[in-house]
Amino acid sequence: MIFENLFHGVVTKRPSAICKSPYMADAIIDEKEHLVHSPSLGCSGLADKECHVLLSLVTGKNTKSSHRIQFSVVTEEWENVIYKNIVCTNPQIAEVIIQNALQNNLLKNLQAKSFRTQATFENSRFDFAGIDENDVEFIAEVKAVPVADYHNVSK
């Protein structure tokens, strides 16, 4: 997956001072404050006040935000070495990855003949539904866990 035109920003307030939704934040990008979308809320502190984030532009007529937070840049020191880690904070990215994997039959245990996204069955909606290589129906629900816990074990 390739992200082009990512912008570096620093979150100044979440929820935003302008829009009180927990999915909105204020961030400084290129020395100017913007209203931005934070799709996974504060992401366990990774997209809260003073966090460094990578954002993409939001396009469309009905959007209030100019950018969307995609990743958090976490800087840590371990044994006198500075590490910068990029953590995905947009849970929808997992769905895009699985959609690409289904389209290109990259999943070891599921080869899709056909599939559709946002499939509804009775009162439930699922991320994917389709037919596999054996003509068996499948339903797939994708979840991302936008939390990072990692340990630097080597330099």
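## Salt bridges, cysteines and backbone exceptions

Asp-127 is buried, because its relative accessibility is 2%, under the 20% cut-off. The model is predicted. Asp-127 is also a salt-bridge partner: its mate is Arg-125, and the closest N and O atoms are 3.6 Å apart. Arg-125 is partly exposed, with a relative accessibility of 47%. The pair thus joins a buried residue to a partly exposed one.

**Salt bridges**

How many salt bridges does the structure hold? The count is four. Side chains of opposite charge can pair when their charged atoms come close. Three of the bridges, including the one just described, are tabulated here.

| Basic residue | Acidic residue | Closest N and O atoms |
|---|---|---|
| Lys-113 | Asp-135 | 2.5 Å |
| Arg-125 | Asp-127 | 3.6 Å |
| Lys-143 | Glu-141 | 2.8 Å |

Lys-113 forms a salt bridge with Asp-135, at 2.5 Å between the closest N and O atoms. This pair links distant parts of the chain, 22 residues apart. Lys-113 sits in strand E7, residues 112-121. Asp-135 sits in the loop between strand E8 (124-132) and strand E9 (137-140). Both Lys-113 and Asp-135 are exposed.

Lys-143 pairs with Glu-141. Lys-143 is exposed, at 64% relative accessible area. Glu-141 is partly exposed, at 36%.

**Cysteines**

A disulfide is a covalent bond between the sulfur atoms of two cysteines. The structure holds zero disulfides. Cys-19 is in none, and the nearest cysteine sulfur, that of Cys-43, is 19 Å away. Why is Cys-88 not bonded to Cys-43? The sulfur of Cys-88 is 8.0 Å from that of Cys-43, its closest cysteine sulfur, so the two are too far apart for a bond. The cut-off for a disulfide is 2.5 Å. Cys-88 is partly exposed, with 30% relative accessibility.

**Backbone exceptions**

Most residues other than glycine have a negative phi, and most peptide bonds are trans. Which residues depart from this by a positive phi? Asp-30 is one of them, with a phi of about 50°. Asp-30 lies in the loop between E2 and strand E3 (32-37). Asp-30 counts as exposed because its relative accessible area is 65%, over the 50% cut-off. Asn-80 is another, with a positive phi of about 65°. Asn-80 lies in the loop between strand E5 (67-78) and strand E6 (81-88). Asn-80 is exposed too, at 70% relative accessibility. Neither Asp-30 nor Asn-80 is a glycine.

The peptide bond between Arg-14 and Pro-15 is cis, with omega at about 0°. Pro-15 belongs to the loop between E1 and strand E2 (24-29). Ile-18 lies in the loop between E1 and E2 as well. Ile-18 is exposed, with 65% relative accessibility. How far apart in space are Ile-18 and Val-36? Their C-alpha atoms are 11 Å apart, and the residues are 18 apart in sequence.

**A nonpolar surface patch**

Which residues form a nonpolar patch on the surface? Met-1, Val-96 and Ile-97 do, with about 270 Å² of accessible area together. Met-1 belongs to the segment before strand E1 (7-13). Met-1 is exposed, because its relative accessibility is 56%, over the 50% cut-off.

Key: Residues are numbered from 1 along each chain as its sequence is written. This is a predicted model: local features need pLDDT of at least 70, side-chain atom pairs count only at pLDDT 80 or more; totals for chains, interfaces and linings use all residues. Side-chain values use heavy atoms; hydrogens and water are left out. Patches are made of residues with over 30% relative accessible area and no salt bridge: like charges are joined within 9 Å, nonpolar side chains (Val, Leu, Ile, Met, Phe, Trp, Tyr) within 5 Å. Accessible areas come from the Shrake-Rupley method with a 1.4 Å probe; for residues, only the protein chains shown count as cover. A salt bridge is a side-chain nitrogen of Lys or Arg within 4 Å of a carboxyl oxygen of Asp or Glu. Helices (H or I, at least four residues) and strands (E, at least two) are DSSP runs, numbered from the N terminus. Buried means under 20% relative accessible area, exposed over 50%, partly exposed in between (1.4 Å probe, protein chains only).
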